[in-house]
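Grab a pencil and open the structure viewer. Here are some exercises to work through, each with a solution in steps.

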Amino acid sequence: MNRQQIDALVKTMNVDTATGSVDARTQQIVVRLLGDLFQAIEDLDLSQTEVWKGLEYFTDAGQANELGLLAAGLGLEHYLDLRADEADAKAGITGGTPRTIEGPLYVAGAPESVGFARMDDGSEEGKIPTLIIEGTVTDTDGQIIEGAKVEVWHANSLGNYSFFDKSQSDFNLRRSIMSDQDGKYVALTTMPVGYGCPPEGTTQFVLNKLGRHGNRPSHVHYFVSAPGYRKLTTQFNIEGDQYLWDDFAFATREGLVATAVDITDEAEIARRGLTGPFKHIQFNVELVKDQAAAPSTEVERRRASA
């Protein structure tokens with residue numbers, strides 16, 4: 001079939017058959033995607049076996065709860081960020097900390113505190129370096145923002161995230177820190193490590209077919225929000241990781257690379273209330289003021305909650 005015939009067939013099956021109330025947007029999307037899929041079947045001469053194997057794959061990926069991981073690994077989530085950047089540019093919105101992907105491992109409801117939080121539960125103390133992350137939340141003019149909600153989450157020394165890894169305590173390495181009167185937040189935690197996709201999982205299965213690895217560099221995720229400002233979804237990747245610029249999820253961006261500095265000065269160690277050397281990362285955040293008719297930065301998607 002040519003595209004005109006395909007579009008006519010899709011319309012006959014999914015538009016002309018309607019007898020009840022129609023959601024016009026859903027209909028528009030289904031008709032377009034079906035037409036594109038049918039055209040791909042024609043262009044690539046897909047066999048019935050290949051089509052059914054593809055459907056079986058999505059069934060398996062859904063049951064494994066890996067579709068969010070697949071979206072990151074194939075670049076879909078990064079592409080959506082690039083579209084959001086372009087929409088901002090067209091609306092005249094500039095500046096601020098760059099956005100990057102959320103990923104599939106956020107959990108709502110992390111404990112809240114003001115200015116400071118210890119993120120780890122102590123279970124890995126002595127096994128992995130202590131890390132202090134701190135920064136200041138400002139607007140694009142450098143004015144401090146008090147009361148910004150800085151949601152932070154990252155992996156443990158095995159590359160695993162609490163809630164999804166049932167061996168960890170609730171909300172281990174997950175906190176919400178409200179910036180203090182100086183716009184500052186401080187997180188006492190442990191050095192995160194990168195992770196790889198489950199080697200026998202559905203995402204790595206596809207990556208193997210594409211000759212790609214499924215590894216992420218060491219990184220820390222953020223949501224940052226404040227009344228009157230555009231919500232920021234971002235993360236920093238840590239300098240020195242072998243996958244820093246080879247992130248399978250394409251999340252590394254200029255302006256989002258942090259350096260972990262070794263602190264051995266005894267006076268500074270004592271000032272921080274610690275007993276030995278630690279690593280320090282400075283990550284300041286600039287939020288953009290909200291504007292009328294600006295593209296929304298809120299993304300509605302299913303997220304875990306505990």
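Before we start, helices (H or I, at least four residues) and strands (E, at least two) are DSSP runs, numbered from the N terminus. You're looking at a predicted model, where local features need pLDDT of at least 70 and side-chain atom pairs count only at pLDDT 80 or more, while totals for chains, interfaces and linings use all residues. Residues are numbered from 1 along each chain as its sequence is written, and side-chain values use heavy atoms, with hydrogens and water left out.

**Exercise 1. Get an overview**

Task: Find how many helices and strands the protein has, and what share of its residues is buried.

Solution:
- Step one, count the elements: there are 7 helices and 14 strands.
- Step two, look at the box: the C-alpha atoms fill roughly 75 × 45 × 35 Å along the principal axes.
- Step three, learn the burial terms: buried means under 20% relative accessible area, exposed over 50%, and partly exposed in between (1.4 Å probe, protein chains only). Of the 306 residues, 41% are buried.
- Step four, check the contacts, where contact means heavy atoms within 4.5 Å. Taking contacts between residues at least 6 apart in sequence, 73% join residues at least 24 apart.

**Exercise 2. Start at the N-terminal end**

Task: Say where M1 is found and which residues make a nonpolar surface patch with M1.

Solution:
- Step one, place M1: this residue is in the segment before helix 1 (3-14).
- Step two, get the rule: patches are made of residues with over 30% relative accessible area and no salt bridge, with like charges joined within 9 Å and nonpolar side chains (Val, Leu, Ile, Met, Phe, Trp, Tyr) within 5 Å. The areas come from the Shrake-Rupley method with a 1.4 Å probe, and for residues only the protein chains shown count as cover.
- Step three, name the partners: M1, L9 and M13 make a nonpolar patch of about 260 Å².

**Exercise 3. Follow a salt bridge**

Task: Work out which parts of the chain the pair R230 and D88 ties together.

Solution:
- Step one, recall the idea: side chains of opposite charge can pair when their charged atoms come close. The rule used here is a side-chain nitrogen of Lys or Arg within 4 Å of a carboxyl oxygen of Asp or Glu.
- Step two, check the pair: the closest N and O atoms of R230 and D88 are 2.9 Å apart, and the two form a salt bridge.
- Step three, place both ends: R230 sits in the loop between strand 8 (219-225) and strand 9 (232-238) and D88 in helix 5 (residues 76-90), so the bridge ties together parts 142 residues apart in sequence.
- Step four, ask about burial: R230 counts as buried at 7% relative accessibility, and D88 counts as buried at 9%.
- Step five, zoom out: D85, D88, R99, R230 and R253 are linked in a network of salt bridges. The protein's count comes to 22 salt bridges.

**Exercise 4. Look around H78**

Task: Decide whether H78 is buried or exposed, and list what H78 is in contact with.

Solution:
- Step one: H78 is found in helix 5.
- Step two: its relative accessibility is 19%, so H78 counts as buried.
- Step three: leaving aside neighbours within four places in sequence, H78 is in contact with I101, A249, F250 and R253.
- Step four, pick F250: this residue lies in the loop between strand 9 and strand 10 (257-258). F250 has a positive phi of about 60° although it is not a glycine, and it is partly exposed, with a relative accessible area of 34%.

**Exercise 5. Compare D45 and T234**

Task: Which is buried and which is exposed, D45 or T234?

Solution:
- Step one, D45: this residue is in the loop between helix 2 and helix 3. D45 is exposed, with a relative accessible area of 64%.
- Step two, its backbone: D45 has a positive phi of about 50° although it is not a glycine.
- Step three, its surroundings: E42, D43, D45 and E50 form a negative surface patch.
- Step four, T234: this residue is found in strand 9, and at 1% relative accessibility T234 counts as buried.
- Step five, its neighbours: not counting residues up to four places away in sequence, T234 touches several residues, including T97, V220, Y222 and F283.

Conventions:
Lys and Arg count as positive and Asp and Glu as negative; His and the chain ends are not counted. The place of a charge is taken as NZ of Lys, CZ of Arg, CG of Asp or CD of Glu.
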